[in-house]
Each structure stands twice: as structure tokens, then as C-alpha cells.
Amino acid sequence: MSRFSDEMRTVQIAWKANSVSTAAKRKGRQNGKNYDHVLPSNLWEENLWEGIRSGTADSLPAYLEEFRVQRHTGTHNLLSSWVVCANLYFPFRKRDKDHALLAGFLRERVASEVIEVTGLELEYQLPEAQLRPGALLGEQGGGRGSGQTSPDVAFLVRTKNGRGVILTESKFTEHSFYGCSARKSGKAKTKAEGRPRNPAPEHCKNALEVLNSPATQCHQEHAEWGRRYWDHLAPVATRERFAELACCPAAINGYQLLRQQALAEGVANSGSYDLVVSAVAYDARNETLHRSLATTGVASVEGWARLFVGKARFKTFTHQHWVAWVRENGGSRWARWLRYVADRYGY
């Protein structure tokens, strides 16, 4: 665990002691163990800002049910980045004046072409069948929030020349963007693990060879895996940068970034959207995450943008940037929410 993660665990335990019901003060169970920073699973909604709980006009549970979105299994964990994402962005989903607030922020931090925000979705899947992860990336059998590349939050926007989408991975205390699921060696131990493991994980150490011949060098391309990330990314990769890398950018700590970048590039190349961005929203205090790609040869998360020069862009912003924007531009109607995110997360 990183120092930031340890600090936030302490902060969340203190918040729990003063801010949840008596029943929710008990230790919660996750992965077979009981923890102070976890709520009882049936009380997971106490992890949400009160303005998006069941029974409110902006109910997150109602949204999940209506759109068949699978919430993450750890939503009763006070350190859940999925819950942080929901608490910070979902409250601004419905109202035109909040869309205008979002549009100003995205124009400032992500893409100057943004004129208007037309929607905000969690665990987003594009409506066009040919642009969904199964069709674009070969990720069969998944759904929104499970088994496929579904960005934590997507901002649907209008530009001068058409429509756009900003696909965003949201992070909190995580140490990285995780390693490639196809890198493990040996045979699958159980039937539940499904696809065969990688017989030659050493191939992952040569990024340029993976780029040159993904069919033979990347196990994601195995017939039983059937992933097509490199179909979209190999043509737009910066060969000079790949030659400098210590390994495939997905191998150790960048798997989520590669998947989302591939999805964004596939959508951008469809011609259906004028603007497509793969973005990361993270906590500015999480230096471990910010520098997690260094072992690959990318100094910071922002450096990911130099690996690919396609139609899809790559941008980052911090949760602190967003909260500061609301504080400066949101007016008094967001005073209660601002107190909550300040007391809860220090934003």
C-alpha cells in the first residue's frame, strides 16, 4: 500500500465514526476479511453522498437498475474509486445548468472545442452496436460495469462540428492502472479462469516487437482470447517511443489505459464522433499512481499521450480541479455537496 492509501484509510475510518448510522459503524467484510474501512455490504448506500441515494431525484441505485449497470463489487469499501467517481460527478448528470458547469470545466481542462454537455453516464457503453467493446475490441460476453472496457464516467458533448465523447477512467487510492490479464504464464488452474494462460510472457518485455507483430507476440491476440486492441493502436503508435520502453505499455501498470485508448481510437476512426478523448481523473495527492508507469518507461500518467498519435486524444485532470471549479462557479446550490466532499475526501 502507498502512503497516500494508508492516509486515506485513516481519514475514511474517522469519517465513518462520525458520519454513518450505528449499524454501518460495524466492520464490513470484503474478500473474506473484516475491515474498519469497509461498511456492511447491505448498507453500501451510506458510502454515497445523500443527494444520490435511493429515494432522491438523482438516485444512483435507480439509475443502475434502469440502465442495467453493474456496480463494482467493492462499493461498500470507503476507499472505492467507483464511489468517489459517483459522488463527484453523478450529481451533475441531469440539469441543464449543471451541464453548463461541466461544459465550462471540460472546455478548460480537456478540450477547447466543447460547446455543450448533453449527457453524463457511468460505466458507459456507446449506443451504436458496432462501437461497443464486443464489436470493437473482441471483449465478448460483458456488459456495462462487468467483463468489458466500460469507462467509469463518460461526458457526452457537442462541438461546433458535431458530437463528442470523453471516456474517463476515475481513480482514487489505486497504485496503478494494473497489469495485463493475459501476461500470466502456465495453464489455467480452474475452469472459471477460462482462457489459456500465456506460454511466453517474456514477449511482453519487448514493446517494439509487440507493436510489430501482435499476432505472435501478444497473448491478447490468442484465438481463445480474441482481443483486438492492437488493431486500433498499432497503426497510430509512436515507434520511437515504443523503442524506448522497457516493456509493453499494458504489461505491468498500464492495462486499463491501453484498453480505454483502444476503445477511444476505434470510436474516433468510425467517423461517428467529431471529438473522442480517453481521459483519466485522479487524486492529485496520489503520487504513486501518477508515477506508476515509470517502470515501463513513461515518467508520469500525462506521458501516455506521447505513445499514440491517432484521432483519439489522451488527457488528464484531477478531482481537485473539478471540485475547485464547482466551488468557484457552481453557486450556493452546491454548498452542501462542497461541504461533504471537503469533509469526506479533503477536496
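Q: Before we get to the pocket lining, which residues count as nonpolar, charged or polar here?
A: Ala, Val, Leu, Ile, Met, Phe, Trp, Tyr, Cys and Pro count as nonpolar, Asp, Glu, Lys and Arg as charged, and the others, Gly among them, as polar.

Q: And how does the lining of the largest pocket divide by those classes?
A: In this predicted model, the lining residues of the largest pocket divide into 8 nonpolar, 25 polar and 11 charged.

Q: Which of the lining residues lie nearest the centre of the largest pocket?
A: Of the 44 residues that line the largest pocket, those nearest its centre are His72, Lys171, Glu174, Tyr178 and Gln256, and the space in this pocket comes to about 1,400 Å³.

Q: Which elements give two or more residues to that lining?
A: Those elements are helix 1 (3-19), helix 3 (81-89), strand 5 (162-170) and helix 10 (255-269), and helix 10 gives the most, with 4 residues.

Q: Switching topic, how do helix 12 and helix 13 pack?
A: Helix 12, residues 319-329, packs against helix 13, residues 335-345, at an angle of about 150°, and their axes are 10 Å apart. Angles over 145 degrees count as roughly antiparallel, so helix 12 is roughly antiparallel to helix 13.

Q: Is that crossing left-handed or right-handed?
A: The crossing of helix 12 and helix 13 is left-handed.

Q: Which residues meet there?
A: From helix 12, Trp322, Val323, Val326 and Arg327 meet Trp337, Leu338 and Val341 of helix 13; by class, this contact has 6 nonpolar residues, no polar ones and 1 charged residue.

Note on methods. Residues are numbered from 1 along each chain as its sequence is written. This is a predicted model: local features need pLDDT of at least 70, side-chain atom pairs count only at pLDDT 80 or more; totals for chains, interfaces and linings use all residues. Side-chain values use heavy atoms; hydrogens and water are left out. Axes are lines fitted to C-alpha atoms, for helices over the stretch in contact, and angles run from 0 to 180 degrees between N-to-C directions. Angles under 35 degrees count as roughly parallel, over 145 as roughly antiparallel, 65 to 115 as roughly perpendicular and the rest as oblique. A crossing is left-handed if the near helix is turned anticlockwise from the far one by less than a right angle, and right-handed if clockwise. Contact means heavy atoms within 4.5 Å. On a 1 Å grid over the protein atoms alone, a cavity is a set of points where a 1.4 Å probe fits but cannot get out, and a pocket is an open set with protein on both sides within 12 Å along at least five of seven lines; lining residues have an atom within 4 Å of a point. Grid points are joined across faces, edges and corners, and a volume is the space filled by probe spheres set on the points.
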